[in-house]
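Reader: Got a minute to go through the side chains in this one? I have a few quick questions.

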Amino acid sequence: MSDKICSKCEGNMVECYVADGLKGLLVKNPDGDKLFTNKKNTNINPNVCTDCGWVEWYADEPQRLK
């Protein structure tokens, strides 16, 4: 379980993954070249509130987008 708190109801957030066996989604900085040769990318994963269902996405390594 994640230590994140829901910004809507202050419930507990659980880190989840996208279906189909993927572990998060890959996002990249638009300044880079190609997706897989661009070093400015990171995975993002949804976190779901177990009380109200609110979903927030968090980057694994946001500093890589700089």
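Reader: How many aromatic pairs does the structure hold?
Author: It holds 0 aromatic pairs. Keep in mind that this is a predicted model.

Reader: OK, rings and charges then. Which residue lies over the face of Tyr58?
Author: Lys4 does. It is 4.6 Å from the ring centre.

Reader: And what sits over the ring of Trp54?
Author: The charged end of Lys8. The distance to the centre of the Trp54 ring is 4.5 Å.

Reader: Next topic. How many salt bridges are there?
Author: The structure holds 1 salt bridge. Its partners are Arg64 and Glu61, with N to O at 3.5 Å.

Reader: Are Arg64 and Glu61 buried or exposed?
Author: Arg64 is partly exposed, at 31% relative accessible area. Glu61 is also partly exposed, at 34%.

Reader: Where is Arg64 in the chain?
Author: In the segment after strand 4, which covers 55–59.

Reader: How far is Arg64 from Lys40 in space?
Author: The two are 5.2 Å apart, C-alpha to C-alpha. In sequence, 24 residues separate Arg64 and Lys40.

Reader: Switching to cysteines. How many disulfides does a search of the whole structure find?
Author: It finds 0 disulfides.

Reader: Why is there no bond at Cys52?
Author: Because its closest cysteine sulfur, in Cys9, is 3.7 Å away, too far for a bond. The cut-off for a disulfide is 2.5 Å between the sulfur atoms.

Reader: Remind me, what kind of bond is a disulfide?
Author: A covalent one, between the sulfur atoms of two cysteines.

Reader: Is Cys52 buried or exposed?
Author: In between. Cys52 is partly exposed, with a relative accessible area of 42%.

Reader: And what about Cys16, buried or exposed?
Author: Cys16 counts as partly exposed, at 23% relative accessible area. Buried would need under 20%, so Cys16 misses that label.

Reader: Last one, Asn47. Which strand is it in?
Author: Asn47 belongs to strand 3, residues 41–49.

Reader: Buried or exposed, that Asn47?
Author: Buried, with 2% relative accessibility.

Reader: What does the side chain of Asn47 have as a polar neighbour?
Author: The backbone oxygen of Asn45. A polar atom of the Asn47 side chain lies 3.4 Å from that oxygen.

Key
Residues numbered from 1 in each chain as written. Predicted model: local features only at pLDDT ≥ 70, side-chain atom pairs only at ≥ 80, totals over all residues. Heavy atoms only, no water. Phe/Tyr/Trp six-rings, centres within 6.5 Å; stacked < 30°, edge-to-face > 60°. Lys NZ or Arg CZ within 6 Å of the ring centre and 35° of its normal. Salt bridge = Lys/Arg side-chain N within 4 Å of Asp/Glu carboxyl O. Buried < 20%, exposed > 50% of the residue type's maximum accessible area, 1.4 Å probe, protein only. Helix = DSSP H or I, 4+ residues; strand = E, 2+ residues; numbered from the N terminus. Polar contact = N/O pair within 3.5 Å; in protein donor to acceptor, adjacent residues only side chain to side chain.
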